[in-house]
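Q: Hi! I'd like to go through this model with you, a bit at a time. Could you pull it up?
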Amino acid sequence: MLIKTPKSSDLKESEVTPENVYLNRRDLLKSLGFLGAGALLANSASANAIDWFSQEEKVKFKTTSLKYQADANSNNLSLTPESKVTTHNNFYEFGAQKQQPAELSQSFKVNPWQLTISGECDKPITLDYDDLTTMFALEERIYRLRCVEAWSMNIPWIGFSLADLLKKVSPNSSAKYVFFETLHDPVQMPGQANRRLGGGIAYPYVEGLRIDEAMNPLTLMSVGLYGKTLPPQNGAPIRLVVPWKYGFKSIKSIVSIKLVSEQPQTTWHKLAANEYGFYANVNPEHDHPRWSQASERHITSGGLFSRNRINTLPFNGYGEQVAHLYKGMDLRKYY
Ligand code: MTE
């Protein structure tokens, strides 16, 4: 599979992670395991953080390696510190300010949880909370997340390919697109109850991919980051990560995945179609109507607002793996 055969142009984990952390984690990876979620039952996402790197071995991760190509423009490719990944968030259900999701989501209940995969398929299924971390072999993947707001982070995700999940339900020939929905629960998600706090979005948050994008091996269902289950502000218990697209495609806290025949409506496209397209592929040559997409502020270990501006790469640096999906398409028109 493409993602397991890094090319010489790919960065190695040792090149992006501070060395002491890297060596430490290599040892941990050898005995890497996962204690069944049932043994650590708690209701809220924060109380339920399972640290995969320190538990008894049950599920082996596959080897880790960076999946994006070397970025000649960047002078700092280290992992974005966990403290920033978990405090600088976009999760409008918990407030439209960057710090609000971490502040307002800590009692969010993720167990019990149900994720239904249905629509144009022969074997629809519903997964429960434990299934999310036990049904598929988990992998660690370090991806760059590029937000449409022109900032980026390097994040070590844990998860499995969406393709593995979709194959389980046997999509039929009418399955042309995949439609995702976030939980709708205004009692738990204050931004859904208060229009101002929630940024004026019509909830639930919804997203979509074309079926071939969804089946691409890079497309990840993430259940963790930095060796632990996802914190609520990052989309617990399960979210999408599509590394070659702007971050708003990477929908959080998913309860429904539906195979459909028509291109689905998506949240940001509904709000402002001229600013946010269905495709949303990272494209330095197609500016947002109100700002340039040619470069980005890469968030690293400096102060949260320290400037580390790097040039943005087409498809966020994953062009070799995904450019073929858009052959012949005018990417300025299909932005
Ligand atoms: N999913 C939901 N349900 N609600 C949101 O507001 N924000 C999106 C995406 N997924 C969002 C969402 C945006 S704009 C970005 S950039 C990423 O989540 C941010 O992910 P992070 O907070 O883990 O960095």
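Q: Which residues does leucine 162 touch, leaving out those up to four places away in sequence?
A: Leucine 162 touches Phe180, Leu209, Ala214, Thr219, Leu220, Met221, Leu240 and Ile257, where contact means heavy atoms within 4.5 Å. This is a predicted model: local features need pLDDT of at least 70, side-chain atom pairs count only at pLDDT 80 or more, and totals for chains, interfaces and linings use all residues. Residues are numbered from 1 along each chain as its sequence is written, and side-chain values use heavy atoms, with hydrogens and water left out.

Q: Nice. Which residues touch the most other members of the largest nonpolar core?
A: Leu162 and Ile257 do, in a core of 81 residues. Such a core is a set of buried Ala, Val, Leu, Ile, Met, Phe, Trp, Tyr and Cys residues joined through side-chain atoms within 4.5 Å; buried means under 20% relative accessible area, with a 1.4 Å probe and protein chains only.

Q: And where does the largest share of this core come from?
A: Strand 4, residues 151–161, gives 6 residues. Strands are DSSP runs of E, at least two residues, and helices are runs of H or I, at least four, numbered from the N terminus.

Q: How many helices and strands does the chain have?
A: There are 10 helices and 12 strands. Buried residues account for 58% of the 335 residues.

Q: Switching to backbone: which peptide bond before proline 112 is cis?
A: The one from asparagine 111, with omega near 10°. Proline 112 sits in the loop between helix 4 (100–104) and strand 1 (114–119). The bond from tyrosine 203 to proline 204 is also cis, with omega near 5°, and proline 204 is in the loop between helix 7 (190–193) and strand 6 (206–210). Most peptide bonds are trans.

Q: What about phi of serine 253?
A: Serine 253 has a positive phi of about 45° although it is not a glycine. Its loop runs between strand 9 (239–241) and strand 10 (254–260).

Q: Is serine 253 buried or exposed?
A: Serine 253 is buried, with a relative accessible area of 0%. Tyrosine 226 has a positive phi too, near 50°, and is buried at 19%.

Q: Last thing: what share of the exposed area do carbon and sulfur atoms supply?
A: They supply 51% of about 13,900 Å², with areas from the Shrake-Rupley method and a 1.4 Å probe, where for residues only the protein chains shown count as cover.

Conventions:
Buried < 20%, exposed > 50% of the residue type's maximum accessible area, 1.4 Å probe, protein only.
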